[in-house]
Amino acid sequence: MEALNIFIKSAFIDKLIFASFLGMCSFLAVSKKVSTAIGLGAAVIFVLGITVPINWVMQTFILNEGALSWLGASFETIDLSFLTFIMFIAIIAAIVQLVEMIIEKASPALYGSLGIFLPLIAVNCAILGASLFMIQRDYTIVEATAYGLGSGVGWMLAIVALAAVREKLKYSHVPDGLKGLGLTMLITGLMGIAFKSFIGIAI
């Protein structure tokens with residue numbers, strides 16, 4: 001039940017994009033078309049859903065101080081936590097490379113429309129941030145998986161919603177001073193406030 005609460009909270013309330021402002025670069029750049037936003041959002045869900053639990057296992061059984069005690073008594077004092085960032089980024093980069101190959105084979109049109117922002121998922125601060133928050137909040141493996149999937153779903157909901165609004169704005173009269181990024185940032189702020197209305201939801 002706690003895992004379900006974490007999933008709902010990360011998907012609707014404590015979104016990485018609105019609560020922590022992580023992943024803003026691709027959020028603003030790839031939110032011009034709904035179809036492209038859905039493709040990138042699905043890729044982010046896949047990457048977060050896999051990397052967060054893998055990084056949990058890596059942190060718990062390899063990187064933490066004393067985590068290697070399962071290898072023998074002589075390994076109990078080893079602390080590899082200084083490798084956390086390097087190992088997390090390496091795992092994220094490997095999964096993103098896998099996603100890139102799958103999308104290129106399955107949907108060349110989507111691969112072309114995503115452009116440079118698909119490989120940039122590897123250095124998307126939202127992906128690394130989710131793994132670091134997972135450690136900070138001391139989640140179990142089930143909770144970490146729920147948090148990774150929920151964060152991905154929340155990021156996808158946000159970028160698809162913004163893309164839908166931006167597509168409608170093409171046919172609207174927008175004052176010259178708000179055209180482009182100015183209005184996009186304003187909409188992003190209003191969306192963040194709207195999603196905060198889910199505060200208090202619990203299962």
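**Chat about an all-helix model**

Biologist: What comes right after α7, and what is its phi like?

Modeller: In this predicted model, α7 is followed by Asp-138, whose phi is positive, near 55 degrees. Asp-138 sits in the loop between α7 and α8, and that positive value belongs to a residue other than glycine.

Biologist: Why bother pointing out the sign of phi?

Modeller: Because most residues other than glycine have a negative phi.

Biologist: Is Asp-138 buried or exposed?

Modeller: Asp-138 has a relative accessible area of 66%, and since the cut-off for exposed is over 50%, Asp-138 counts as exposed.

Biologist: Which residue in the loop between α2 and α3 should I look at next?

Modeller: Look at Phe-21, which is placed in that loop and has a positive phi near 55 degrees, again in a residue other than glycine. Phe-21 is exposed, with a relative accessible area of 58%.

Biologist: Back to α7, then: what span should it have, and what does it have?

Modeller: The twelve residues of α7 should span 16 Å at 1.5 Å a residue, and the end C-alpha atoms of α7 are 16 Å apart, which agrees.

Biologist: Which residues of α7 are buried, and what do they pack against?

Modeller: The buried ones are Ala-126, Ile-127, Leu-128, Gly-129, Ala-130, Ser-131, Phe-133 and Met-134, and they pack against α2, α4, α5 and α8.

Biologist: And α1, how does its reach compare with what is expected?

Modeller: Helix α1, residues 2-13, also has its length checked: its twelve residues reach 15 Å from the first C-alpha to the last, close to the 16 Å expected at 1.5 Å a residue. The buried residues of α1, among them Ile-6, Ile-8 and Ile-13, pack against α8 (141-169) and α9 (181-195).

Biologist: Zooming out, how many helices and strands does the chain have?

Modeller: The chain has nine helices and zero strands, and its C-alpha atoms fill a box of roughly 70 × 40 × 30 Å along the principal axes. Of the contacts between residues at least 6 apart in sequence, 77% join residues at least 24 apart.

Biologist: How much of the chain is buried, and what supplies the exposed area?

Modeller: Buried residues account for 43% of the 203 residues, while the chain exposes about 10,300 Å², with carbon and sulfur atoms supplying 70% of that area.

Biologist: Which residues touch the most other members of the largest nonpolar core?

Modeller: Those are Phe-27, Ile-121 and Trp-155, in a core of 50 residues. The elements that give two or more residues to this core include α2, α3, α4 and α5, and α4 gives the most, with ten residues.

Biologist: What does Phe-27 touch?

Modeller: Not counting residues up to four places away in sequence, Phe-27 touches Ile-17, Phe-18, Trp-155, Ala-158, Ile-159, Leu-162 and Thr-188.

Biologist: Where is Gln-59, and is it buried or exposed?

Modeller: Gln-59 is found in helix α4, and Gln-59 is buried because its relative accessible area of 7% falls under the 20% cut-off. Leaving aside neighbours within four places in sequence, Gln-59 is in contact with Asn-64, Ala-67, Thr-84, Phe-88 and Ile-135.

Biologist: Last one: how many positive and negative side chains are there, and where do their centres lie?

Modeller: There are 11 positive and 11 negative side chains in the chain, and the centres of the two sets lie 19 Å apart.

Conventions:
Residues numbered from 1 in each chain as written. Predicted model: local features only at pLDDT ≥ 70, side-chain atom pairs only at ≥ 80, totals over all residues. Heavy atoms only, no water. Helix = DSSP H or I, 4+ residues; strand = E, 2+ residues; numbered from the N terminus. Buried < 20%, exposed > 50% of the residue type's maximum accessible area, 1.4 Å probe, protein only. Contact = heavy atoms within 4.5 Å. Areas by Shrake-Rupley, 256 points an atom, 1.4 Å probe, with all protein chains shown as cover. Lys, Arg positive; Asp, Glu negative; His and termini not counted. Charge placed at Lys NZ, Arg CZ, Asp CG, Glu CD. Expected span 1.5 Å × (residues − 1). Core = buried A, V, L, I, M, F, W, Y, C linked by side-chain atoms within 4.5 Å.
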